[in-house]
Amino acid sequence: MKKDWSVWLWCVLLFLAGVTWGSIKLKTGFFTVDNVHDLFEIFSSAATVIAVILAALSINAWRSQIKAESDHDLARKLAVSLINFKEAIQAAHSDMQFCRNNCIVGFEGLPPHLLRHVTDSFIVRMDKAKTIKAEILALLIEARALWGDELSNSFGGIINICDDLYGGVRLFSIIIEPDVEFERRELFKTRIIEHGDKFEAD
């Protein structure tokens, strides 16, 4: 029904346009060109109109191209950051497993300076993981503005997984100190083991 009304509307408008153009009386010499100079002016005006139309079409194509390039650039940056984040998660999991396993078997017989050297390398990787996480969060804000919430919402708790894993590493770096109280050391060891078991179960 709506389509029929639009057809009738166009018919009426076409009829009115015909009536309007038919009522205009032009001089008999309206389409006569007096000299070559006037003919070139007509061509020049027509060329200007055509140039304006082509420029408008080019601007739309240029805008589409710029948007496609920005989408591609953002997708490439996000893909690189996610690959780096995947490697950071794998490293964080290995570091957490090291701490958990040493809490299970006991680390008291190992040299403290060796343990400190290992945990220091874990902390360096933890700081790198935080930097990668910050990069991804910034890119997800940009992606949300361009593509909507679906992509950023799909990450859920994954974005915080390195922080959770390195929570156990931070506790381990505390309990390897020689002057830590026995009760505190045992409490933190239990927490690290439970933390690791939870991740294994998940």
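This passage walks through the packing, charge pairs and aromatic contacts of one predicted model.

The nonpolar core makes a handy starting point. The largest one holds 31 residues, and the members that touch the most others are F85, C162, Y166, F172, I175 and I192. Several helices feed into this core: α2 (36-105), α3 (112-147), α5 (161-175) and α6 (182-201) each put in at least two residues. As a general backdrop, nonpolar side chains in soluble globular proteins tend to be buried together.

F85 gives a feel for how this looks from a single side chain. Once the neighbours within four places in sequence are set aside, F85 still contacts I132, K133, I136, I158, I159 and C162. One of these partners, C162, is itself among the core residues that touch the most other members. S81 sits in helix α2, and its relative accessibility is 6%, so S81 falls in the buried class. With sequence neighbours within four places again left out, the contacts of S81 are I132, E135, I136 and L139. I132 and I136 thus turn up in the contact list of F85 and also in that of S81.

Not every nonpolar side chain is tucked away. On the surface, L9, W10, V12, L13, F15 and L16 make up a nonpolar patch, and together these residues offer about 670 Å² of accessible area. L16 belongs to helix α1, which covers residues 2-23. Is L16 buried, partly exposed or exposed? It comes out as partly exposed, because its relative accessibility is 44% and the partly exposed class runs between the 20% and 50% cut-offs.

Now for the charges. In general terms, side chains of opposite charge can pair when their charged atoms come close. Searching the whole structure turns up nine salt bridges. One of them joins D73 to K77, with 3.5 Å between the closest N and O atoms. Both residues are in helix α2 and sit four residues apart, about one turn of the helix. Neither end is buried: D73 has a relative accessible area of 31% and is therefore partly exposed, and K77 is partly exposed as well, with 39%.

Helix α3 has a pair with the same kind of layout. R116 and D120 are bridged at 3.8 Å between the closest N and O atoms, and the two residues are four apart within α3, about one turn of the helix. R116 has a relative accessibility of 23% and so counts as partly exposed; D120 is partly exposed too, at 39%.

In helix α6, K189 and E186 meet through their side chains in a salt bridge, 3.6 Å from N to O. Here the spacing is three residues, again about one turn of the helix. The two ends fall in separate classes, since K189 is buried at 10% relative accessibility while E186 is partly exposed at 27%. Bridges with shared partners also tie D73, R76 and K77 into one network.

That leaves the rings. A pair of aromatic rings is described by the distance of the centres and the angle of the planes. How many aromatic pairs does the structure hold? There are two. F98 and F122 make an edge-to-face pair, with centres 5.5 Å apart and 80° between the planes. F98 is in helix α2 and F122 in helix α3, so this pair ties together parts that lie 24 residues apart in sequence. F98 is partly exposed, given its relative accessibility of 29%, whereas F122 is buried, with a relative accessible area of 4%.

The other pair matches F98 with F172: the ring centres are 6.3 Å apart and the planes are at 80°, which means edge-to-face once more. This contact links distant parts of the chain, with F98 in helix α2 and F172 in helix α5, 74 residues apart. F172 is buried, as its relative accessibility is 0%. Taken together, F98, F122 and F172 form one aromatic cluster. F172 also ties this section back to the opening one, being among the residues with the most contacts to other members of the largest nonpolar core.

Note on methods. Residues numbered from 1 in each chain as written. Predicted model: local features only at pLDDT ≥ 70, side-chain atom pairs only at ≥ 80, totals over all residues. Heavy atoms only, no water. Patch = residues over 30% accessible without salt bridge, like charges linked within 9 Å, V, L, I, M, F, W, Y side chains within 5 Å. Areas by Shrake-Rupley, 256 points an atom, 1.4 Å probe, with all protein chains shown as cover. Salt bridge = Lys/Arg side-chain N within 4 Å of Asp/Glu carboxyl O. Buried < 20%, exposed > 50% of the residue type's maximum accessible area, 1.4 Å probe, protein only. Core = buried A, V, L, I, M, F, W, Y, C linked by side-chain atoms within 4.5 Å. Contact = heavy atoms within 4.5 Å. Phe/Tyr/Trp six-rings, centres within 6.5 Å; stacked < 30°, edge-to-face > 60°.
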